[in-house]
Each structure stands twice: as structure tokens, then as C-alpha cells.
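Q: Got a minute to go through this one with me? I'd like to start with the strands and then get to the side chains.

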Amino acid sequence: MKKILVIGACGQIGSELTPYLRNIYGVNNVVAADCIYPLKGELREAGPSCKIDATQAEDIAIAVKKYEIDTIFNLAAILSAKAEATPMLGWNVGIGALLNCLEVAREYKTALFTPSSIGAFGQDTPHDQTPQDTLQRPRTIYGITKVTGELLSDYYFHRYGVDTRSVRYPGIISNVTLPGGGTTDYAVEIYYAAVKGETFYCPLKAGTFLDMMYMPDALHAIVQLMEADPAKLKHRNAFNIASMSFDPEMLYAEIRKHEPDFKMEYRLDSVRQAIADSWPNSMDDHCAREEWGWKPSYNLDKMTEDMLKVLRTKVTHV
Ligand code: AKB
């Protein structure tokens with residue numbers, strides 16, 4: 001990776017991936033792009049940026065030509081719960097943007113990373129230690145876009161030799177940009193409530209186990225996979241990666257070790273609960289570990305300590 005384009009640079013992952021990549025590859029070699037333009041703050045000031053509506057192939061092609069891009073990170077997506085409310089938008093962004101990126105990648109010979117998700121699995125998938133290669137029959141539009149995305153990305157690799165790679169992300173927990181419209185968002189929002197001294201109303205019921213990951217591990221995974229020796233990759237789209245699995249009670253208990261007065265109550269969201277019930281409780285990620293050396297650094301305990309430390313500073317400075 002020498003010249004990188006990040007599409008969706010303002011989102012939860014993009015807003016942290018862009019500075020992370022600039023730090024590794026040089027500020028001028030990472031172009032931040034989003035449909036919300038002009039970008040704000042560090043994203044705009046620290047390096048090149050441009051406007052891209054990923055549903056418009058021409059926008060992507062112009063940027064790839066202008067900046068001589070060799071690697072595209074396509075982070076354009078509508079998350080699971082929002083996509084259930086707006087299925088056509090979920091499909092048009094999830095698949096429209098991906099197909100445009102694949103075509104541009106084919107034409108200009110760039111590599112392409114597009115995240116998949118635990119949402120690519122469905123209720124009939126084995127829920128515990130979900131295997132890398134198993135039944136995938138999601139019934140959410142988000143999941144359908146993710147499975148289609150995995151298949152299309154593999155198709156472009158086998159048919160045209162496009163260097164497509166992907167991971168199935170668990171819920172990502174972060175402290176820079178809030179996620180929006182996801183099923184796993186509760187695991188981010190709970191930390192904000194804890195540091196603000198507010199009661200947290202949990203949309204998922206006790207006992208709902210899901211895989212989650214702290215952002216530093218999620219960023220490390222992307223770079224490690226994109227830098228991996230292609231000869232060692234038996235899989236491509238997409239690798240299971242896991243670092244921790246917990247339910248709301250475990251998360252609440254962990255936060256209360258640091259904030260003993262913190263209160264959580266349940267206010268269930270039936271759409272999110274149905275989605276969460278169809279997703280794995282935990283994934284088996286041995287293929288990622290064997291094929292490109294994936295190894296997470298954070299567990300629930302270490303992540304909670306760091307999240308609370310960062311958010312306490314952030315909240316007192318707002
Ligand atoms: C969501 O909840 O929709 C996302 C995901 C797990 O893909 N965070």
C-alpha cells in the first residue's frame with residue numbers, strides 16, 4: 001500500500017482508520033473521502049481529501065486517477081438496524097458502492113478492502129464458535145448485502161485478479177466517532193452513559209452474547225490483512241476475526257468495577273433483539289490467525305479501562 005483512498009472517512013471506522021494509515025504510510029499518501037464534504041478538523045487539515053459519493057462510480061474513478069491510488073478502503077455502509085428500516089438504501093449503499101469500487105479496482109488495478117460483518121451469518125448458522133466456512137443465510141438486508149459483498153469480492157478476485165480482502169467485523173467499540181444504526185451500538189453508548197453519570201437503557205436483553213472488538217484491534221487487523229503475503233491466503237472474503245464475546249450483564253458488571261454507582265435498565269428494541277438473536281454468540285477465527293497472524297490485544301477488562309479513561313477526558317472537555 002503506497003497511495004490509499006479511504007471512502008467513508010467520516011464514519012466510525014474511517015475517522016480513526018484515516019489518521020492511523022497516515023501515521024504509517026505518510027500524511028500525503030492517504031486521501032480521506034466522504035460524501036459529507038468538506039471534511040472537518042484533522043481529517044481535512046492533515047492530508048489530502050475529496051468528495052466521493054460511493055454510489056457514483058465516476059467520483060471514485062476521478063479520485064483514483066488524480067491521486068494514483070493503489071489501495072481502496074471502501075467503508076460506505078448503512079448498519080444493520082437502520083438498513084432494516086430503509087432496505088433499499090441499505091442495498092443501494094452496501095452493494096452499489098461495492099460494485100463501483102470493484103469495477104474501479106479492476107480498471108485501475110488497485111487492491112480493495114470492504115468490511116464484512118458478523119451480520120453475514122443467520123439464525124441457522126452454528127452460533128457458538130461459528131466456523132470460518134459454514135452456512136450463511138441471513139434474513140436481514142444488511143446481512144444479505146454482506147454475503148453478496150463477500151461473493152462479489154471473491155468473484156472479482158477469481159475472475160479478474162482484483163486483490164480483494166475482507167474481515168467479518170464484530171461490533172466495534174470506539175471513542176472518537178459514534179456508530180449509528182447498528183445492533184451492537186449499545187456497547188459503545190453504555191460507556192458514554194457511564195461517564196456522564198446517566199442511567200443506560202439497554203436495547204438488548206440479558207444473555208444476548210455477541211462478538212465485540214476494540215477499535216485499536218480493528219485497525220491493526222485491516223493493515224495486517226492488507227499487508228499479508230497473498231500466497232498465504234487460502235481465504236479472502238471474508239475472515240472471521242474475534243477478540244471478546246459478552247452479554248449486556250457482563251459489560252455492565254465490568255463498567256461498575258470502575259463506576260460503582262452506574263445504573264442500567266432494560267428497554268428492549270425488538271428489531272435489534274431479533275437481529276442480535278440471529279448473529280453468532282462467538283466466532284472461530286483460527287483461519288485469520290493461521291493465514292495472516294491475527295492476534296487481538298484487548299479483552300473486555302483492558303478495553304473498559306481504556307474506554308473510560310479516554311471518555312472521561314472527552315466528556316469533561318465538551
Ligand atoms: C451493526 O451492528 O450493524 C454493525 C455490525 C456488527 O456489522 N456494528
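A: Sure, we'll take the strands and helices, then the rings, then the charges.

A: One thing up front: this is a predicted model.

Q: Fine. Which strands does β2 pair with?

A: β2 has β1 (residues 4-7) as a parallel partner, with four bridges between them. β2 also pairs with β3 (residues 49-51), again in the parallel sense, over three bridges.

Q: Which residues face each other there?

A: Between β1 and β2, Val6 has Ala32 as its bridge partner. Towards β3, Ala33 is bridged to Cys50.

Q: And what links β1 to β2, in terms of handedness?

A: Helix α1 (residues 14-25) sits in the unit with β1 and β2, and the β-α-β unit they make is right-handed.

Q: Is β2 mostly covered or mostly open?

A: Mostly covered: β2 spans residues 30-34, and five of its five residues are buried. Val30, Ala32 and Asp34 point one way, while Val31 and Ala33 point the other way, and all are buried.

Q: Okay, on to helices. Why is α7 described as largely enclosed?

A: Because nine of the 11 residues of α7 (residues 186-196) are buried, the rest of the structure largely encloses the helix. The buried ones are Tyr186, Ala187, Val188, Ile190, Tyr191, Tyr192, Ala193, Ala194 and Val195.

Q: What comes right after α7?

A: Gly197 follows α7, and its phi is positive, near 75°.

Q: There's another sheet, with β8 in it. What's the strand order?

A: The order is β6-β8-β12, an open sheet of three strands with parallel pairing. β6 (116-117) and β12 (239-240) are the edge strands with a single partner strand each, so one side of each has no neighbour in the sheet.

Q: How many bridges join β6 to β8?

A: Two, and the strands run parallel, with β8 covering residues 167-169. Ser116 stands opposite Arg168 in β8.

Q: Switching to rings. How many aromatic pairs are there?

A: Eight in the structure. Take Tyr155 and Tyr156: the ring centres are 6.0 Å apart and the planes are at 75°, so that pair is edge-to-face.

Q: Are those two buried or exposed?

A: Tyr155 counts as partly exposed, at 41% relative accessibility. Tyr156 counts as buried, at 6%.

Q: Which residues make up the ring cluster?

A: Tyr155, Tyr156 and Tyr160, linked by ring pairs.

Q: What about Tyr252 and Phe262, how are their rings arranged?

A: With centres 5.7 Å apart and planes at 65°, so they count as edge-to-face. Tyr252 is in helix α9 (residues 248-256) and Phe262 is in the loop between α9 and β14 (264-266), so the pair ties together parts that are 10 residues apart in sequence. Both Tyr252 and Phe262 are buried.

Q: Where do charges sit over rings?

A: Arg267 lies over the face of Tyr201, 3.8 Å from the ring centre. Then there's Lys302, whose charged end sits over the ring of Tyr298 at 4.7 Å from its centre.

Q: Now salt bridges. How many in the whole structure?

A: Eight turn up in a search of the whole structure. One of them is between Glu103 and Arg106, with the closest N and O atoms 2.7 Å apart.

Q: Where do Glu103 and Arg106 lie?

A: Both are in helix α5 (residues 87-108), three residues apart, which is about one turn of the helix. Glu103 is partly exposed at 30% relative accessibility, and Arg106 is partly exposed too, at 32%.

Q: What does Arg165 bridge to?

A: Asp163, with an N to O distance of 2.8 Å. Arg165 is buried at 2% relative accessibility, while Asp163 is partly exposed, with a relative accessible area of 23%.

Q: Which residues are in that network?

A: Asp163, Arg165 and Arg236, joined into one network by salt bridges that share partners.

Q: Last one: what's the N to O distance for Asp269 and Arg272?

A: Their side chains meet in a salt bridge at 2.9 Å. Asp269 counts as partly exposed, at 22% relative accessibility.

Terms used: Residues are numbered from 1 along each chain as its sequence is written. This is a predicted model: local features need pLDDT of at least 70, side-chain atom pairs count only at pLDDT 80 or more; totals for chains, interfaces and linings use all residues. Side-chain values use heavy atoms; hydrogens and water are left out. Buried means under 20% relative accessible area, exposed over 50%, partly exposed in between (1.4 Å probe, protein chains only). Two strands pair if DSSP finds at least two bridges between them. A crossover is right-handed if, with the strands pointing away from the viewer, the path from the first strand over the helix to the second runs clockwise. Rings of Phe, Tyr and Trp (its six-membered ring) pair if their centres lie within 6.5 Å; planes under 30 degrees apart count as stacked, over 60 as edge-to-face and the rest as tilted. A charge sits over a ring if NZ of Lys or CZ of Arg is within 6 Å of the ring centre and within 35 degrees of the ring normal. A salt bridge is a side-chain nitrogen of Lys or Arg within 4 Å of a carboxyl oxygen of Asp or Glu.
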